[in-house]
Amino acid sequence: LYLAHPGRADFIKRDELQDLFGMAADPIGIAKVEIMLDHQVVAEAGPLKDDPNVHAPAFFAYDPNYPNIQFNYSVPADKVTPGEHTLSMLATRSDGTQVEGSQRLIYVKP
């Protein structure tokens with residue numbers, strides 16, 4: 001589970017939490033990815049729009065959905081206040097089990 005942007009300890013404006021992206025891979029496949037802010041689901045990620053600059057490395061070919069393991073997401077501005085926040089993702093595997101990715105701190109500018 002990988003959130004590509006924003007990075008750890010990034011300072012970001014509320015309106016810049018749009019069109020973000022990451023990757024999720026698992027040997028049994030990922031059915032759904034949800035974005036969590038401060039341990040609360042704030043958005044469901046969708047498949048990455050066709051982007052010729054984003055390619056999943058062959059290393060992830062173990063995932064049955066490969067090469068379509070990229071996703072994009074946006075955090076609604078009304079869900080974010082200025083200050084420190086924890087960002088993570090919750091992936092639901094094809095068998096219904098869930099796993100939460102590592103958390104990262106971000107700082108939202110006023």
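## Exercises: core, salt bridges and sheet

V75 touches L17, Q18, I35, L37, V42 and V80, leaving aside residues up to four places away in sequence; contact here means heavy atoms within 4.5 Å. This is a predicted model, where local features need pLDDT of at least 70, side-chain atom pairs count only at pLDDT 80 or more, and totals for chains, interfaces and linings use all residues. Residues are numbered from 1 along each chain as its sequence is written, and side-chain values use heavy atoms, with hydrogens and water left out.

**Exercise 1.** Find out which elements give two or more residues to the largest nonpolar core.

*Solution.* Start with the term: a nonpolar core is a set of buried Ala, Val, Leu, Ile, Met, Phe, Trp, Tyr and Cys residues joined through side-chain atoms within 4.5 Å. Buried is under 20% relative accessible area, exposed is over 50%, and partly exposed is in between (1.4 Å probe, protein chains only). Next, the residues: the largest core has 21, and V33, I35, F71, Y73 and V75 have the most contacts inside it. Now the elements: β4 (30–37), β5 (40–44), β7 (70–73), β8 (83–93) and β10 (104–109) each give two or more residues. Strands (E, at least two residues) and helices (H or I, at least four) are DSSP runs numbered from the N terminus. β4 brings the largest share, four residues.

**Exercise 2.** Track down the salt bridges and say how buried or exposed their partners are.

*Solution.* The test is a side-chain nitrogen of Lys or Arg within 4 Å of a carboxyl oxygen of Asp or Glu. Searching the whole structure turns up two. Take R93 and D26, with closest N and O atoms 2.9 Å apart. R93 sits in β8 and D26 in the loop between β3 (20–23) and β4, so the pair ties together parts 67 residues apart in sequence. R93 is partly exposed at 23% relative accessible area, while D26 is buried at 11%. Then there's K32 with E34, closest N and O atoms 3.8 Å apart. Here K32 is partly exposed at 30% and E34 is buried at 13%.

**Exercise 3.** Work out which strands stand at the edges of the four-strand open sheet.

*Solution.* Lay out the order: β1-β3-β7-β6, with antiparallel pairing. Two strands pair if DSSP finds at least two bridges between them. β1 (2–3) and β6 (46–47) each have a single partner strand and stand at the edges, so one side of each lacks a neighbour in the sheet. Zoom in on β1 and β3: two bridges join them, and L3 has G22 in β3 as its bridge partner.
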